[in-house]
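Colleague: I am new to this entry and would be grateful for a guided reading. May I put my questions to you one topic at a time?

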Amino acid sequence: MDADDSRAPKGSLRKFLEHLSGAGKAIGVLTSGGDAQGMNAAVRAVVRMGIYVGAKVYFIYEGYQGMVDGGANIAEADWESVSSILQVGGTIIGSARCQAFRTREGRLKAACNLLQRGITNLCVIGGDGSLTGANLFRKEWSGLLEELARNGQIDKEAVQKYAYLNVVGMVGSIDNDFCGTDMTIGTDSALHRIIEVIDAIMTTAQSHQRTFVLEVMGRHCGYLALVSALACGADWVFLPESPPEQGWEEQMCVKLSENRARKKRLNIIIVAEGAIDTQNKHITSEKIKELVVTQLGYDTRVTILGHVQRGGTPSAFDRILASRMGVEAVIALLEATPDTPACVVSLNGNHAVRLPLMECVQMTQDVQKAMDERRFQDAVRLRGRSFAGNLNTYKRLAIKLPDDQIPKTNCNVAVINVGAPAAGMNAAVRSAVRVGIADGHRMLAIYDGFDGFAKGQIKEIGWTDVGGWTGQGGSILGTKRILPGKYLEEIATQMRAHSINALLIIGGFEAYLGLLELSAAREKHEEFCVPMVMVPATVSNNVPGSDFSIGADTALNTITDTCDRIKQSASGTKRRVFIIETMGGYCGYLANMGGLAAGADAAYIFEEPFDIRDLQSNVEHLTEKMKTTIQRGLVLRNESCSENYTTDFIYQLYSEEGKGVFDCRKNVLGHMQQGGAPSPFDRNFGTKISARAMEWITAKLKEARGRGKKFTTDDSVCVLGISKRNVIFQPVAELKQQTDFEHRIPKEQWWLKLRPLMKILAKYKASYDVSDSGQLEHVQPWSV
């Protein structure tokens with residue numbers, strides 16, 4: 001099951017992992033500072049990738065303290081040392097604050113301990129303090145070696161041989177407080193913990209009509225507070241970067257009482273632990289509680305989440321992020337030269353990038369400086385595009401202006417859900433409705449997909465009607481797979497009857513096909529000559545024009561959680577292999593990424609054809625694995641990966657071939673992948689992308705105002721998606737060429753380049769294209 005090289009960019013000078021060798025190199029990996037879920041996944045990836053390329057890899061236990069103390073704190077790692085750690089929170093190699101490393105004397109000891117094992121490559125997983133320390137150590141390295149030689153602790157040859165130290169950092173921090181990366185390792189998992197608590201608190205708050213003040217972590221960064229407020233539709237949020245204006249006490253109380261007057265039975269206020277006012281005075285959760293009780297007399301409770309946010313198992317996103325970063329870090333170390341500055345491997349969109357470490361640290365410190373100097377707008381800008389976007393979206397969705405202050409456009413905009421349900425659809429509908437109302441439109445909800453559209457199941461939907469929708473799974477509007485083709489006449493009649501001026505479709509591949517059919521019918525039915533935009537929402541993640549779909553992250557977490565439990569059961573019984581079938585139609589996204597997140601031995605997908613020889617080689621690989629201490633196996637199979645190699649066939653083949661070595665079990669995950677409460681990622685993604693779609697509709701309608709313009713051009717029927725690093729609108733007419741209609745998948749899929757990663761981490765030889773790696777980029781505040 002080697003990766004297919006034919007998918008690499010044509011005509012480019014491609015560079016493969018085979019061209020890099022780690023022979024004779026030694027890599028030290030350490031975790032430092034506060035722990036974060038996903039650190040173990042990063043450690044596992046560094047160890048396995050390092051061994052794969054022929055390097056020696058050493059654990060440095062207890063962070064910099066272990067480096068200074070040496071001895072048993074620096075130990076060689078092997079393949080099995082990192083088995084079964086992918087799903088474990090925290091860090092198995094420990095982390096500690098270290099005063100000694102802050103002194104030159106301490107760093108001298110650390111250098112001596114590393115040299116004893118020939119370690120001149122360091123992979124540091126931690127926050128900005130840990131990474132700054134590593135950079136200082138790198139700068140001092142030659143001076144430290146000379147001092148050790150003068151003291152007689154090393155000879156001249158060693159000074160020559162180990163002349164320079166390479167440093168690559170990965171940011172492990174639940175606060176997402178490091179500039180230069182979209183997400184730090186641990187942030188997504190911390191959001192999972194927060195949202196689980198908020199969902200639980202909401203039910204009790206509703207019963208008693210209570211107000212809850214929730215304090216989340218973030219001493220210097222409000223990311224967790226902001227995104228959790230966006231994901232749960234909180235009434236008010238306090239952040240260090242964007243303090244409330246003077247007189248906030250009264251404004252907040254007015255807002256809370258207005259929400260109660262709109263029949264809302266609970267209030268949620270989220271406070272970052274570092275929240276301040278415009279005078280840099282600390283705003284505590286107790287102070288907020290006292291204010292609500294004295295001013296409004298509401299029954300109010302405070303919940304401080306504390307270290308719960310650091311704990312628990314890492315989310316699928318964090319495991320995949322950390323695994324990708326770990327592999328990228330080893331490649332960066334192999335490619336480093338004496339002139340390469342210390343770098344951080346980070347994520348931009350869905351691209352792994354390398355950034356100069358000190359540029360990132362400097363910008364992170366600039367944010368704090370801006371807050372200290374009360375330049376709060378600069379602080380928000382320096383945090384990056386994503387932070388500023390989240391803040392603006394939150395403000396638009398949380399605060400409704402009085403009706404008489406919203407200029408009316410006299411336009412009717414309809415929202416419809418199409419296809420199978422996906423977690424996060426309701427968050428997208430809520431966002432569209434509220435942004436539409438704020439823009440002055442009359443919003444209409446279409447129930448039960450195109451079927452309901454044809455039957456006239458259309459009602460006006462208001463601001464309060466969508467309250468509390470973000471955390472609901474499935475589709476409240478109702479959704480069906482039926483396409484509009486058969487009902488064009490009836491749908492056109494309904495468009496005319498309700499004077500619909502624009503249409504927002506939220507759904508999967510059926511929504512895409514439906515959009516194409518409506519677009520093609522424009523010549524015959526002028527009612528369809530209105531702006532139409534689709535927001536992708538499907539667990540399969542198979543919509544052309546977007547790298548991600550609403551609902552896929554929730555499904556991936558369901559698969560990962562189930563695989564964790566199954567692996568636990570398998571390790572109890574020993575010598576057992578599980579075959580697990582995932583959804584996705586012909587799209588292998590869930591099987592492939594689920595395999596990467598759960599540490600699978602193989603994942604069979606339609607996009608990479610396989611035959612009986614591949615199955616045989618996988619059985620032999622598992623037979624060898626059973627001779628080690630890791631006596632269990634996990635194999636994922638996409639439901640439509642092969643017509644003949646069915647889940648039953650693979651199960652029977654493995655059972656027969658593995659007789660006497662291992663036994664087999666199979667598990668079809670089925671519709672549980674479509675259910676459940678949406679993950680924080682899907683709530684946030686659905687909210688933001690849908691708000692963006694409504695802004696596009698508003699801009700299109702504004703263009704046509706007073707001119708009675710008919711929309712007939714291709715650019716008025718679009719799919720909104722994330723492509724590489726950008727949010728883009730693509731006309732469906734252009735996307736046709738990029739679509740494999742028979743198999744309902746895009747012709748090119750970005751995640752296929754991650755296939756070899758899963759194989760390498762499962763101990764297979766694979767050809768991995770590293771052409772994208774290697775360029776050191778610079779940090780741009782607006783691309784952070």
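**Strands, helices and two unusual loop residues**

Colleague: Which hand does the β-α-β unit of S1, helix H1 and S2 have?

Modeller: The unit runs from S1 through H1, residues 39–52, to S2; helices (H or I, at least four residues) and strands (E, at least two) are DSSP runs numbered from the N terminus. With the strands pointing away from the viewer, a path from the first strand over the helix to the second that runs clockwise is called right-handed. The unit formed by S1, H1 and S2 is right-handed.

Colleague: On what basis should I read such statements?

Modeller: This is a predicted model, in which local features need pLDDT of at least 70 and side-chain atom pairs pLDDT 80 or more, while totals for chains, interfaces and linings use all residues. Residues are numbered from 1 along each chain as its sequence is written, and side-chain values use heavy atoms, with hydrogens and water left out.

Colleague: Which residue in S2 stands opposite Val29?

Modeller: S1, residues 26–31, pairs with S2 in the parallel sense over 4 bridges; pairing requires at least two DSSP bridges between two strands. Opposite Val29 in S2 stands Phe59.

Colleague: Which residue in S3 stands opposite Ile60?

Modeller: S2 also pairs with strand S3, residues 74–76, here in the antiparallel sense over 3 bridges. Opposite Ile60 in S3 is Ile74.

Colleague: How many residues of strand S2 are buried?

Modeller: Strand S2 spans residues 56–60 and is mostly covered. Buried means under 20% relative accessible area, exposed over 50%, and partly exposed in between, with a 1.4 Å probe and protein chains only. Of the 5 residues in S2, the number buried is 4.

Colleague: What is the relative accessible area of Glu62?

Modeller: Glu62 lies in the loop between S2 and helix H2, residues 63–69. Although Glu62 is not a glycine, its phi is positive, about 60°. Glu62 is partly exposed, at a relative accessible area of 34%.

Colleague: What is the relative accessible area of Gln209?

Modeller: The loop between helix H6 (187–208) and strand S6 (211–216) holds Gln209. Phi of Gln209 is also positive, near 55°, in a residue other than glycine. Gln209 is partly exposed, with a relative accessible area of 38%.

Colleague: Which strands are the edge strands of the open sheet that contains S6?

Modeller: This sheet has 4 strands in the order S7-S8-S6-S9, with parallel pairing. Two of them pair on one side only. These edge strands are S7 (236–238) and S9 (300–304).

Colleague: Which residue of S8 is the bridge partner of Val237?

Modeller: S7 pairs with S8, residues 267–272, in the parallel sense over 3 bridges. In S8, the partner of Val237 is Ile270.

Colleague: What angle does H7 make with S8?

Modeller: H7 packs on the sheet and touches S6, S7 and S8, where contact means heavy atoms within 4.5 Å. Angles run from 0 to 180 degrees between N-to-C directions, with axes fitted to C-alpha atoms, for helices over the stretch in contact. Between the directions of H7 and S8 the angle is about 165°.

Colleague: How far apart are the axes of H7 and H22?

Modeller: H7 (residues 223–232) packs against H22 (residues 680–704) at an angle of about 75°, which makes the two helices roughly perpendicular (65 to 115 degrees). Val227, Leu230 and Ala231 in H7 meet Arg683, Asn684, Thr687 and Lys688 in H22. The distance between the axes of H7 and H22 is 8 Å.

Definitions and conventions:
Angles under 35 degrees count as roughly parallel, over 145 as roughly antiparallel, 65 to 115 as roughly perpendicular and the rest as oblique.
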